[in-house]
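Please review the predicted model shown below before reading on. The briefing that follows is arranged by topic.

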2 protein chains.
Amino acid sequence: MLYYGNIEEIENDIERVDAYMAEYLHDTSRNPMLNAVLETIIATKGKKVRPLLLLLAGRFGPQWPGSRDRLCKMGACIEMIHMASLIHDDIVDDAPMRRGRETVQSRFGKDMAVYAGDYVMSRILYYLFREATPETGMLLAKTVESMCYGEMCQLTCNFNTETTKSDYLNNIYGKTASLFIATCRIGAAESGCGVQSVEVFSEIGKHIGYLFQLRDDLLNFVSNVKREGKPVFTDFLNGTYTLPILHTLSHPQHGSRLKEMLQTVGLGGSSTFELEEIRKLIIQCQGIEFTRSMMKAHAADARELLATLPRKQAARGIYAVLDYLEGE
Amino acid sequence: MLYYGNIEEIENDIERVDAYMAEYLHDTSRNPMLNAVLETIIATKGKKVRPLLLLLAGRFGPQWPGSRDRLCKMGACIEMIHMASLIHDDIVDDAPMRRGRETVQSRFGKDMAVYAGDYVMSRILYYLFREATPETGMLLAKTVESMCYGEMCQLTCNFNTETTKSDYLNNIYGKTASLFIATCRIGAAESGCGVQSVEVFSEIGKHIGYLFQLRDDLLNFVSNVKREGKPVFTDFLNGTYTLPILHTLSHPQHGSRLKEMLQTVGLGGSSTFELEEIRKLIIQCQGIEFTRSMMKAHAADARELLATLPRKQAARGIYAVLDYLEGE
């Protein structure tokens, strides 16, 4: 769990989010197979950054009886949308591990993982129809559409050294930022914030989303398996060229060298020596630093926007999330 | 298109369903890749049995201003749920063709097909939140859950010669009958039928669903590529043991012979000669006839239920659908 600045009763609300997720993913079939699949899904539960942000944004409105509980339900649905998307991402990425646990696709095979992701989505759908307003439902539907679109665009960029930074930013906007935007927006709107504050929260969500994905992509270069619970240094081997790579590719002097090397790697001929050379090239071209500077810019924009909102204790929590993400 | 008994204005309504599907799947991104994917999806448009049934059931209630249009919208959503499920099924089945056209997975790869199915689902979700009642939304969510559950159970039965007929019937209930149940139910309910008629339509939908899947599974044995637009004689090679196989497996005399043969086939060692022997064995054990008798029983049950409802011109259309499905 993230440190979130000791906001009154927020821990209690996060526990309620957990309880709703357990309820929403509860297996009523008594089928051992389904049970095992659902347990695997629940076991890869993450840090719940999105529900936390939703709850924090939800402290900015006047609130009304029952609104706290609704926020917990919406937080559970949003975290489950994220979980469902990961099940399908892991198919595409051939990912063996996620958060230190075996993925659904690695434990039960890709075919099962296709339906497992759909299954989780059907559960979300049910509870959204039961609990959410049509506006929230429509927003989340558009968000899932953006997420799919971002992933599809990323696939078409795969192993393409002509991918631009702007392509990359569009892709991560869809696949990651859009859900953060919806998260902050729903938190603010459901607690009764005014239209203007809701728009500010959308923007804050966008910056946090970019920051989150830039950090995630950077960690693939600078982290280790143990800390992240998933393999590192794999993105570009799988053909996903993230910002450190793209920045290096655009380097007037060394870009062409990296391009050559990536083509070798793309042909499956990568040795430890070559990987080390790629890493050195990225560092030399300041690919890591450039990514960090972009992260800092998004964090700064989010902080600036937050400062325009009425002062609330919950802002401390959002600042803490920003500090955490910015500090890697 | 099916023959549906010349029901007044039904052709007009089916065209409206088509128009809504085109609207709901319209590509606003102007991205050539997404455009090509969506075109492939729309090109594999089928006979629209489900929207037709929904519209026919929708003629049984008193109706009200705008209800005809709502029925067309719901018909479009249900057909799209079916289309989205096929995109993911084709990944699992490695299907190269569907309705005589290349599948999304074969044209764009499995990774793209994962997201393409999710993308269609997100569009459905949006229009359901915009157009459907929460009750209809919840029913369809539960239906998608059943469909996934049925497919997941079918996967666990794969290449398993111990699969029982009861397992098989449970699997096809989930993967196929559940959507026919929802289809008939929504048609009846949205047109204002009373509770009892809605329940009768649920039952009719169930029998049509079983009939539909039994027929589809039978066609895999007795049809040819040209007629169906998809490969035949492939189900059991892929490890899906449908009723003709299961009935033969349970034959006291010849069951063990088929079991042996399936194990060879499962190891990838199937020759035309062996396939021919399997086909003969199935015919000898009346696997085809048993399946046909079950189809007839479901068609008869549906007709009997239909006869309990108030007489409407639209019943002729449902009888026509039953005749079509029963006649293979």
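Chain A and chain B each give 33 residues to the contact between them, where two residues are in contact if their C-beta atoms, placed from the backbone, lie within 7 Å. This is a predicted model, in which local features need pLDDT of at least 70, side-chain atom pairs count only at pLDDT 80 or more, and totals for chains, interfaces and linings use all residues. Residues are numbered from 1 along each chain as its sequence is written, while chains are lettered from A and ligands numbered from 1 in the order in which they are written.

**The interface, seen from chain A**

- At least two residues each of the side of chain A that touches chain B come from α2 (32–43), α4 (67–93), α6 (110–131) and α7 (134–157) of chain A; helices (H or I, at least four residues) and strands (E, at least two) are DSSP runs, numbered from the N terminus.
- With 14 residues, α7(A) provides the largest share of this side.
- By class, the side of chain A that touches chain B has 21 nonpolar, five polar and seven charged residues. Here Ala, Val, Leu, Ile, Met, Phe, Trp, Tyr, Cys and Pro count as nonpolar, Asp, Glu, Lys and Arg as charged, and the others, Gly among them, as polar.

**Symmetry of the two chains**

- Chain A is superposed on chain B by a rotation of 180 degrees with 0.0 Å of shift along its axis, at an RMSD of 0.0 Å; the fit is by least squares on the C-alpha atoms of residues with pLDDT of at least 70 in both copies.
- This is the relation of a two-fold axis.
- The same surface serves both copies, since 97% of the contact residues of chain A recur in chain B.
- A:Val114 is the residue of chain A that comes closest to the rotation axis, its C-alpha lying at 3.5 Å.

**Overall form of chain A**

- Chain A has 15 helices and two strands.
- Its radius of gyration is 20 Å, close to the 20 Å that the globule rule gives for 328 residues, so chain A is as compact as a globular protein of that length. The radius is taken over C-alpha atoms, and the rule is 2.2 Å times the number of residues to the power 0.38.
- Along the principal axes, the C-alpha atoms of chain A fill a box of roughly 60 × 50 × 30 Å.

**Helix packing in chain A**

- The axes of α4(A) and α8(A) (residues 165–190) come within 10 Å and cross at roughly 170 degrees. Axes are lines fitted to C-alpha atoms, for helices over the stretch in contact, and angles run from 0 to 180 degrees between N-to-C directions.
- That angle makes α4(A) roughly antiparallel to α8(A) (under 35 degrees counts as roughly parallel, over 145 as roughly antiparallel, 65 to 115 as roughly perpendicular and the rest as oblique).
- Residues making this contact include A:Met74 and A:Ile78 of α4(A) and A:Leu179 and A:Ile186 of α8(A).
- The contact of α4(A) with α8(A) comprises six nonpolar, four polar and two charged residues.

**Helix packing in chain B**

- The axes of α7(B) (residues 134–156) and α8(B) (residues 165–190) come within 6 Å and cross at roughly 165 degrees.
- α7(B) is thus roughly antiparallel to α8(B).
- The residues of the contact of α7(B) with α8(B) are 10 nonpolar, nine polar and three charged.
- For α3(B) (residues 49–57) and α4(B) (residues 67–92), the axes come within 8 Å and cross at roughly 150 degrees.
- α3(B) and α4(B) are therefore roughly antiparallel to each other.
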